[in-house]
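Biologist: I'd like to learn how to read helix packing, sheets and charged pairs in a model. Could you walk me through an example?

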Amino acid sequence: MGCARKCSVLAESMQDSHFMIGRNDAIYCYTPDGRGPCYAVEGQKIMLEWFRSYLVIIAKEAANVPRTTTISAKPSTIEPIPPGVDKHMITVLDIQNKFIVFSASMLSVQAVLSEWGGFFILSGDNKLYNLDEKDLQSKLALLFKKNLYDVSIRIAKNQQYDAEGLVDIFRQYGDHLYSKGDHNGAIEQYIKTIGN
């Protein structure tokens, strides 16, 4: 069926490579063996880009989403978006761990650049934004705050986190489940800490 211009990308990771196309209902992946996974990200896609192990999706923002702010380098300088101006939704999807790591609304996106080990977005008002990836400890701390221990375990394993660090995550996850009254789930996590 194909896709719109700029809505396809070749995504190469350590495990495999996918040819991805963005359509209004989802992102479809194709491998040399045939059709691969599908990611349900709705909206009219404007552009797809690949950066490290992340799929960057630029889509037109739905009309029913409130027009609030654009992203900004400093939280204190968030700018209102005037009515009638094209807005795009930037979504960064972690393909390995299968979750959205970043999402923001911005004035129309002119270009997405991946250079010098960094990721840059040129907005419709001619501002250049640099998106930086947080270090592993910061990512894990954010996930712990949101009680997303299962996601933090997947990320830690994918990044070859040391055994002692993984045991600490299992313990924290067990403590969380215990406090919620899920004693069987807590025991499963505590069992993974035996020997350490």
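Modeller: Gladly, and keep in mind that this model is predicted. Let's begin with two helices: the axes of α2 (residues 149-158) and α3 come within 10 Å and cross at roughly 175°.

Biologist: How do I turn that crossing angle into a direction, parallel or antiparallel?

Modeller: Angles over 145 degrees count as roughly antiparallel. The angle here therefore makes α2 roughly antiparallel to α3.

Biologist: Which residues make the contact between α2 and α3?

Modeller: On the α2 side look for Y149, D150, S152, I153, A156 and K157, and on the α3 side for L166, I169, F170, Q172, Y173 and H176. By character, the residues of this contact divide into seven nonpolar, three polar and two charged.

Biologist: Now the sheets. What is the strand order in the open sheet?

Modeller: Four strands build that open sheet in the order β5-β6-β7-β8, and their pairing is antiparallel. The edge strands are β5 and β8 (99-107); each has a single partner strand, so one side of each lacks a neighbour in the sheet. On average, neighbouring strands are turned by 15° against each other, direction ignored.

Biologist: How many bridges hold β5 and β6 together?

Modeller: Six bridges, in the antiparallel sense. To find the register, start from L48, which stands opposite I57 in β6.

Biologist: And what should I expect of side chains along a strand?

Modeller: In a regular strand, side chains alternate between the two faces of the sheet. A separate matter is burial, and β10 (residues 118-123) is a good case. Five of its six residues are buried, so β10 is largely enclosed by the rest of the structure.

Biologist: Which strands pair with β10?

Modeller: Strand β9 (residues 109-115) is joined to β10 by six bridges and runs antiparallel to it. β11 also pairs with β10 in the antiparallel sense, over four bridges. I121 helps you trace both pairings: V112 stands opposite I121 in β10, and I121 stands opposite Y129 in β11.

Biologist: Where in the two hairpins do I find positive phi values?

Modeller: The hairpin of β9 and β10 has two residues between the strands, and W116 takes a positive phi near 55° there. In the hairpin of β10 and β11, with four residues between the strands, N126 in the turn has a positive phi of about 60°.

Biologist: Let's finish with charges. What is the general idea behind a salt bridge?

Modeller: Side chains of opposite charge can pair when their charged atoms come close. A search of the whole structure finds four salt bridges. One of them joins R52 and E133, with the closest N and O atoms 3.0 Å apart. This pair links distant parts of the chain, 81 residues apart: R52 lies in the loop between β5 (45-51) and β6 (54-60), and E133 in the loop between β11 (128-131) and α1 (136-145).

Biologist: Which residues are linked with E133 in a network?

Modeller: R52 and K139 are linked with E133 in a network of salt bridges. Between K139 and E133 the closest N and O atoms are 2.6 Å apart. K139 counts as buried at 15% relative accessibility, whereas R52 is partly exposed at 46% and E133 is partly exposed at 35%.

Biologist: How far apart along helix α3 are D168 and R171?

Modeller: They are three residues apart in α3 (residues 163-179), so about one helical turn separates them. D168 and R171 form a salt bridge, with 2.7 Å between the closest N and O atoms. D168 is partly exposed at 31%, and R171 is partly exposed at 36%.

Conventions:
Residues numbered from 1 in each chain as written. Predicted model: local features only at pLDDT ≥ 70, side-chain atom pairs only at ≥ 80, totals over all residues. Heavy atoms only, no water. Salt bridge = Lys/Arg side-chain N within 4 Å of Asp/Glu carboxyl O. Buried < 20%, exposed > 50% of the residue type's maximum accessible area, 1.4 Å probe, protein only. Axes fitted to C-alpha atoms, helices over the stretch in contact; angles between N-to-C directions. Parallel < 35°, antiparallel > 145°, perpendicular 65-115°, else oblique. Contact = heavy atoms within 4.5 Å. Nonpolar A, V, L, I, M, F, W, Y, C, P; charged D, E, K, R; others polar. Pairing = 2+ DSSP bridges.
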